[in-house]
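Thanks for sharing this one with me. Here are my notes, set out as numbered points so that you can follow them with the coordinates open.

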Amino acid sequence: AHQRAVHRLDRRVHPTAFAPIMVQHQPAPAAHADAAVEQQQQAVYLDFNGTTPIFPEVAAAMQPYLTTYFGNPSSAHVFGRTCKAAVDKARAQVARLVNAQPGEIVFTSCGTESDNWAIYGAVMAGRARRGGG
């Protein structure tokens, strides 16, 4: 039962993690309705490592930060503070979703960065267990 709960949770956190690989595409505009576009509409997309579709609710939540409120959340100016508040709110929401503390949630820019953090964490945990700090 626990694994099923985690599976459902993962689908909510990262919808493509366990999503079917068949993606339904919107019909192409008439001007571009050629054989290649028709093939793409029937294709199976396997490169979720490169890019993934997002839920409409995610796009709606992000829209203000893509068009109106932008800035480096690490900056002290008003643009940065506004974005930092949004990131902090998102961090708290994710933490509640996975039953964690907000300080345990780390957002990364890509899979490689995430992999590096996981490797670093494993190495540091191993050192700590051996008393090497």
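Which element do the buried residues of α4 pack against?

1. **The packing of α4.** The answer is α3: that is the helix against which the buried residues of α4 pack. The buried positions in α4 are Gly80, Cys83, Ala86, Arg91 and Ala95. An arginine is on that list, with Arg91 counted as buried. Please keep in mind throughout that this is a predicted model.

2. **Overall make-up.** The protein has five helices and zero strands, so the order of elements from the N terminus reads α-α-α-α-α. Of the 133 residues in the protein, 8% are buried. The exposed surface of the protein comes to about 10800 Å², and carbon and sulfur atoms supply 58% of that area. As for contacts between residues at least 6 apart in sequence, 25% of them join residues at least 24 apart.

3. **Geometry of α4 and α5.** Helix α4 covers residues 78–97. With 20 residues, α4 reaches 29 Å from its first C-alpha to its last, close to the 28 Å expected at 1.5 Å a residue. Helix α5 takes in residues 111–129, which is 19 residues. The C-alpha span of α5 is 27 Å, close to the expected 27 Å.

4. **What follows each of these helices.** Just after α4, asparagine 99 has a positive phi of about 60°, although asparagine 99 is not a glycine. This residue belongs to the loop between α4 and α5, and asparagine 99 is exposed, at 73% relative accessible area. Just after α5 there is a positive phi too, about 80°, and there the residue is glycine 131.

5. **The salt bridge.** How many salt bridges does a search of the whole structure find? The search finds one. Lysine 84 pairs with aspartate 88, and their closest N and O atoms are 3.1 Å apart. The two residues sit four apart in helix α4, so about one helical turn separates lysine 84 from aspartate 88. Both partners fall in the middle class of exposure: lysine 84 is partly exposed at 40% relative accessibility, and aspartate 88 is partly exposed at 35%.

6. **The cysteines.** Is cysteine 83 buried or exposed? Cysteine 83 is buried, at 8% relative accessible area. Cysteine 110, by contrast, is partly exposed at 38%. A disulfide is a covalent bond between the sulfur atoms of two cysteines. With a cut-off of 2.5 Å between the sulfur atoms, the count of disulfides is zero.

7. **A nonpolar patch on the surface.** Seven names to colour in your viewer: Ile54, Phe55, Val58, Met62, Tyr65, Leu66 and Tyr69 form a nonpolar patch on the surface. Together these residues have about 660 Å² of accessible area. Phenylalanine 55, one of them, is found in the loop between α2 (35–42) and α3 (56–67). At 38% relative accessibility, phenylalanine 55 is partly exposed; the patch takes residues with over 30%, so phenylalanine 55 passes that cut-off.

8. **Two neighbours in the α4–α5 loop.** Isoleucine 105 lies in the loop between α4 and α5, and so does valine 106. Their exposure is worth a look side by side: isoleucine 105 is buried at 12% relative accessibility, whereas valine 106 is exposed at 54%.

9. **Where isoleucine 105 sits.** Which residues does isoleucine 105 contact, leaving aside its neighbours within four places in sequence? They are Arg91, Val94, Ala95, Val98 and Ala100. Of these contacts, Arg91 and Ala95 also appear among the buried residues of α4. From isoleucine 105 to alanine 92, 13 residues away in sequence, the C-alpha to C-alpha distance is 8.3 Å.

10. **Valine 106 and tryptophan 117.** For valine 106, the distance to look at leads to tryptophan 117, eleven residues away along the chain. The C-alpha atoms of valine 106 and tryptophan 117 are 9.5 Å apart.

Technical notes. Residues numbered from 1 in each chain as written. Predicted model: local features only at pLDDT ≥ 70, side-chain atom pairs only at ≥ 80, totals over all residues. Heavy atoms only, no water. Expected span 1.5 Å × (residues − 1). Buried < 20%, exposed > 50% of the residue type's maximum accessible area, 1.4 Å probe, protein only. Contact = heavy atoms within 4.5 Å. Areas by Shrake-Rupley, 256 points an atom, 1.4 Å probe, with all protein chains shown as cover. Salt bridge = Lys/Arg side-chain N within 4 Å of Asp/Glu carboxyl O. Patch = residues over 30% accessible without salt bridge, like charges linked within 9 Å, V, L, I, M, F, W, Y side chains within 5 Å.
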